[in-house]
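Here is a walk through one protein chain, from its strands to its surface. Keep the structure open and follow along.

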Amino acid sequence: MLPLSMESRTLEPTALEPWTFPELDLQFEEATTSGGTAHVVIRFVGKISNSNSFELNRRSHQLADYGNTLILDLSKLEHINSTVVAILFSIFYRLHNEGQR
C-alpha cells in the first residue's frame, strides 16, 4: 500500500462522460504520496454485476484520461466474482498498453 498524505481532493470527472451504473459508483480522488508523487485513486463503491459489467468494461479505456498512475480501490466493492476479475484484468492490461501504471 502506498503511503498517501492527507493532501487529497475529490475530482470532478469533467473530461469523461458521466459514470452512471446501476448498483455501482466510481469516486475519483487525487492523492499525493509522502514522496510528492500525484496519483488518482478510483474507488469502486457498490457491486459490479451483470447489469453494469459490460458498460464498465466498455468505458474503462477512458480511465487513462486521469493520468499516468491510477490506484483502483476495491475495498468498498460488495461483491467480486469471475466477471469482476476479468474486467479488472482487462482494465489493467488496457491501461498498461497505453503507458499507465
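**From hairpin to helix**

Strand 2 (residues 24-33) and strand 3 (residues 38-47) run antiparallel and are joined by nine bridges. This is a predicted model. In this pairing, L24 stands opposite G46 of strand 3. Four residues lie between the two strands of the hairpin, and G36 takes a positive phi near 95° there.

Now step back to the whole chain. Two helices and four strands make up its secondary structure. Read from the N terminus, the order is β-β-β-α-β-α. The chain has 101 residues, and 37% of them count as buried. Take the contacts with a separation of 6 or more: 65% of these come from residues 24 or more positions apart. The accessible surface is about 6,200 Å², and carbon and sulfur atoms hold 53% of it.

How many salt bridges does the structure hold? There are five. One of them joins K47 and E23, with the closest N and O atoms 3.5 Å apart. K47 belongs to strand 3, while E23 sits in the loop between strand 1 (4-10) and strand 2, so this bridge ties together parts that are 24 residues apart in sequence. Both ends keep some solvent access. K47 is partly exposed because its relative accessibility is 28%. E23 is also partly exposed, at 43%.

A second bridge pairs R43 with D73, at 2.9 Å from N to O. This one links distant parts of the chain: R43 is in strand 3, D73 is in strand 4, and their positions lie 30 residues apart. Are these two residues buried or exposed? R43 is buried, with a relative accessible area of 19%. D73 is buried as well, at 17%. Buried here means under 20% relative accessible area. E29 joins in too: E29, R43 and D73 are linked in a network of salt bridges.

Another bridge is local. E55 and R58 form a salt bridge, with their closest N and O atoms 2.5 Å apart. They are three residues apart in helix 1, so about one helical turn separates them. E55 is partly exposed, at 23% relative accessible area. R58 is partly exposed too, at 40%.

Next, look just before helix 1. N52 lies in the loop between strand 3 and helix 1 (53-59). N52 counts as buried because its relative accessibility is 0%. What does N52 touch, leaving aside neighbours within four places in sequence? Its contacts are F21, P22, E23, L24 and K47. Two of these names are already familiar: E23 and K47 are the partners of the 3.5 Å salt bridge. L24 is the residue opposite G46.

Move on to strand 4 (residues 70-79), which contains L74. L74 is partly exposed, at 27% relative accessibility. Its C-alpha lies 5.6 Å from that of F44, although the two are 30 residues apart in sequence. Beyond neighbours within four places, L74 is in contact with F44 and L88.

L88 takes us into helix 2. At 16% relative accessibility, L88 counts as buried. Setting aside residues up to four places away in sequence, L88 touches L72 and L74. The C-alpha atoms of L88 and S60 are separated by 9.4 Å, and the two residues are 28 apart along the chain.

Helix 2 also carries aromatic residues. How many aromatic pairs are there? The count is two. F89 and Y93 form a stacked pair, 6.3 Å centre to centre with 20° between the planes. Both lie in helix 2, four residues apart, which is about one turn of the helix. F89 is partly exposed, at 47% relative accessible area. Y93 is partly exposed, at 46%. F92 and Y93 make an edge-to-face pair, 5.1 Å centre to centre with 75° between the planes. F92 is found in helix 2 (residues 82-97). F92 is partly exposed because its relative accessibility is 45%. Ring pairs thus gather F89, F92 and Y93 into a cluster.

The tour ends on the surface. I80, V85, F89, F92 and Y93 make a nonpolar patch of about 500 Å². Why can F89, F92 and Y93 belong to a surface patch? Patch residues need over 30% relative accessible area. F89 has 47%, F92 has 45% and Y93 has 46%.

Terms used. Residues numbered from 1 in each chain as written. Predicted model: local features only at pLDDT ≥ 70, side-chain atom pairs only at ≥ 80, totals over all residues. Heavy atoms only, no water. Patch = residues over 30% accessible without salt bridge, like charges linked within 9 Å, V, L, I, M, F, W, Y side chains within 5 Å. Areas by Shrake-Rupley, 256 points an atom, 1.4 Å probe, with all protein chains shown as cover. Salt bridge = Lys/Arg side-chain N within 4 Å of Asp/Glu carboxyl O. Buried < 20%, exposed > 50% of the residue type's maximum accessible area, 1.4 Å probe, protein only. Phe/Tyr/Trp six-rings, centres within 6.5 Å; stacked < 30°, edge-to-face > 60°. Pairing = 2+ DSSP bridges. Contact = heavy atoms within 4.5 Å.
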